[in-house]
Each structure stands twice: as C-alpha cells, then as structure tokens.
Amino acid sequence: MTPESKALYFSEMNPLSRKIRALTLAAFAFLVVGLANAKPVHILVTGDMHGWLQPQIVEGQTLGGAAEMFAYWKKVEHYRRGDFLVLSAGDVATGPALSSVYKGAPAVETMNAMEYDASALGNHEFDFGLDQFKILGRLAQFPFLSANVLGGESGEDTLVPAFCIKEKLGGKIGLIGLTTTALKGLTLAGGLRVTGYAEALRRAASQARAKGAQVLLVIAHVPLDELKALAAQGGDLGIPVMMGGHSHELGQVREPASGTWIVNSGEWWKTYSRIELDYDPATGKTNLQSARQVWLRQKQAGADARVKTLIAGWQAKLDADPQYGRVLGHLSSRLVRFWPVSNFVCDAWLAMDPESDVALNNDGALRQDLEPGPLTRAVLVGLLPFNDALWRLRLTGRQLLDYLPKDEGRMGMAGLFRKGGIYVLSRTGKPLDPKAVYRVLLNNYMAETSPLLKAADPRPVVVEKDWRDPVERWLLQHPSSPEKPLEAILDSQPRL
C-alpha cells in the first residue's frame, strides 16, 4: 500500500482510527526523514578462498575464479572502489599448487588486485610458518585482523590489529576480526595465545568506539553456530552483521535476541555474499537491508584483465619449473578423497616404509579430489599442500585403539581396517592386540597436536622430511598411462 492509499484508507475510519492515522502518518514522516539521512554501505565478502585463484569447469560451466568474480562484481554488482567494503573471512591460501608452492603470495597479490579492504585471520594463514605469515602481512595491501590471537614471547602482544576503521560516506565503520578458538590445535605455529570470543570482542569494540567508529561489523574465521552464540552474548554492542568462515558454510541466520545477522559466505571463490547496510553517520544507527548469496556459476564468464594477467604470470612461473611439471602418472576418471584418494596416499606411504605396520592420515590433510589427466608434482602439492613430514611412532595396540575413530569419524589408513566394529591388522587378518607394539606411520601434524600420541611416544622417528616424496616414488614404481590408468590398481573400498 502506498502512502497515498494508506491516508485514504484511514480517512474513512472513526475518530479513534483518525488518531491512529495521525500517529501512523507521524511515524511514517519520521521514517522518511530517517531514510533520507541514512547512508548505504555495500559489502562484498568471501570466505575460505584457499588459493583457488583459477576457476573450475563443472558440467561445461565456469565455477568461481578470482578474475571471474572481480569482473562479475563490476558488471552485476556495479562495484566501484570506495563505494564498497570488500572483505574476507580468512584462510586465503593453502590449496592448489599455484598458491601453495609460493607460500600464499599469489593469493595475497590477487586480493590486492581485487581491492580487498580487510581479512579475518584464518588458521591456514600459518601453514607456512609464522615468519612466512609476517611476510604475507607485509605484502598485503589490506590488514589481517584478529582481536583474540596474541603472540610474542609473552603471549600478550598483538600479532595483528584487532580492528581497523574505514571511512565511508562521511562515517567511520569499525571492522573487528576474530579467529577460531581451535587455532592452537590446527596449526603448528608456536608462540600464539588464543582468547575467548566474547572478551576479545568487547575489548575491541570499546577500543574501536574510542577511535571514533560509529558502526561496528565483525569479520570472523569462526563457524556460523559459534557466531550465533556470540551474537547473543554481545547483543548490547549493537553489531548488525557478523561475517563468518572456517567451516566453509554458505548460509545466514538472525540471532533473535540481539537482532544480529550472521552471514557465512562459502568457499574457494565459488561463492560470495552481497550485504546492504544503511546507517546514519550522525547517530550510528544501522539497518540491514539485505544479505544475498551468490554461486558464481556461469556459461560465459568474463574475467578482469588485470587480475587474470597477474594469475597467468604466477601460472607461467609454475609451469616453467621442471620440479612441478613432471608427469608421474595418469588418471582416466575422477577420484574423490574418501576413499580412493585416501587409500592411495596411505598405501603409498606404507609401501615405501616396510618397517611400519600401519599408516594413518587425518581427514583434513587431503585438500582436493584428483581429476582425470596427468598426475604431476603440482597435483600432489594441491592434494597435500602442507609442508608436513612423515613420522614413525611406536604405539601399543591399546594406545592405537584409543586414538583411532570410534563409531563415527574418518581417518585414512593402510595396513588396517575396521570390520564389525573391530580393527583388524591387514597383514595378519587378526584384531589389534592391546598389548602388542606397532610401528605407526603418520604426518607430524597428527603427532604434534595429539596429547595422546605425544605422551605415548615422545621420540618419534622422522621417516620422510616431505610427505609427498614417498607418494611420488610409489607412482614412479607403478607406471600408468592413458591406456593403463592408475585407478586400475587402486583400492577404492572403505576401510572404516
């Protein structure tokens, strides 16, 4: 109903209704004034990009791609620098070889070219070590933000800024960063201390307000459910939107008590969120107009020329490196991570270390599926992007059973499988003996982040400094070709 029709409707009512009409029209006039003073904030946000700079081709369509997304923003979202906030929810690198080989630099440079304003600090920012992250921080033309990650020898120093303030349309918008409290169990970067979300948010909000921030927004490498709980705790802070990540979720929800919207924006530059926010620079009052989420799947995808050229330069550098272009094998079909790829990696490890009885690999170690075509060192880097080593531990059957998944959960394994709820050693066909001692091969991340494993064998043997090397040797010992593809000799059966 238009304002004119609303006035006509009320004019035919009784005196009480006319009073209601007068109050309603007064309120409407106040609303019109409020809207006249309101300033729009246009926000584009991505999450968990993991270095997927180049698009994927899925069913004949172009899915994602950094250059493709930037071009789409300009064409469809009418992006112009200065009119938008471009934000990231963290985990910018560690994915395909194009980003991982060069320790995140291509991803950060691409984000510079896409004119990002800020990024939450993700756990994978530390995959190449704390010193390399500091290099990436200097390379970035935007700040990494986290109010709850502290560093330095005392564990009290600020590692990155807790917040930054962006001036938009005559007002000051404070962006506060948060990082998952599970950080310590997800990275081997030492010297870090992680505090709770609520206390860090309140501290940063107070500091940002003191610096003149009129509106507060949160960008967080934190799952949606945890942010929803935080929004309920911080309802008095007046934060209209919290933008999350870490869990690769694409979704949004409103926390009813505080009215705060939580928006998580997916992964891999395949998806993004467009958020429209109005605020009054004089009062700091905000109103979320919309939060729209987009899958970037296009039949005919354009690409921003500058970003495309930047990515092509990094790709040319990778292609020219003989270490990463060497063909090690061939696949004729797509292999998914569980179970074909998981079995392939663990079987290769165990075959290359005959002294071990069992090989284990954690669920999150494998970062992508394997596509049809040649298998190169670059493909292995994309599959196993972390700079991990292989360690051998001596564990009793009891210790091993305590560590292995119970009824639920996934873990890659070789030399071992579970049948009828019982773990059976492959070479003997008998259940694990709790009193026997087994030599267990696994990546150093698993050993260093598990209190159980650290206590069980504090002096592991380093079998391989690079966990990809035994896979490469196994591939060369088992030649494959387009005519005799690798999957013909792989075991794809579940082992849990």
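The largest cavity of this predicted model is lined by Ala198, Leu201, Arg202, Leu230, Gln233, Gly234 and Leu237, where a cavity is a set of points, on a 1 Å grid over the protein atoms alone, at which a 1.4 Å probe fits but cannot get out, and lining residues have an atom within 4 Å of a point. Its volume is about 30 Å³, a volume being the space filled by probe spheres set on the points, with grid points joined across faces, edges and corners. Helices H8 and H9 each supply at least two residues of this lining, and H8 gives the most, with three residues; helices (H or I, at least four residues) and strands (E, at least two) are DSSP runs numbered from the N terminus. The lining divides into four nonpolar, two polar and one charged residue, with Ala, Val, Leu, Ile, Met, Phe, Trp, Tyr, Cys and Pro counted as nonpolar, Asp, Glu, Lys and Arg as charged, and the others, Gly among them, as polar. Residues are numbered from 1 along each chain as its sequence is written. Side-chain values use heavy atoms, without hydrogens or water, while local features need pLDDT of at least 70, side-chain atom pairs count only at pLDDT 80 or more, and totals for chains, interfaces and linings use all residues.

Both helices also pack on an open sheet of six strands in the order E9-E10-E12-E13-E15-E14, with mixed pairing; two strands pair if DSSP finds at least two bridges between them. Strand E9 (163-168) and strand E14 (250-254) stand at the edges with a single partner strand each, so one side of each is left without a neighbour in the sheet. Helix H8 (residues 197-210) touches E9, E10, E12 and E13, and its direction makes about 160° with that of E10, contact meaning heavy atoms within 4.5 Å. Helix H9 (residues 224-233) lies across E10, E12, E13, E14 and E15 and runs at about 160° to E15; axes are lines fitted to C-alpha atoms, for helices over the stretch in contact, and angles run from 0 to 180 degrees between N-to-C directions.

The largest pocket holds about 860 Å³ of space, a pocket being an open set with protein on both sides within 12 Å along at least five of seven lines. Of its 33 lining residues, Trp52, Pro96, Gln368, Glu371 and Val379 lie nearest its centre, and the largest share, four residues, comes from E21.
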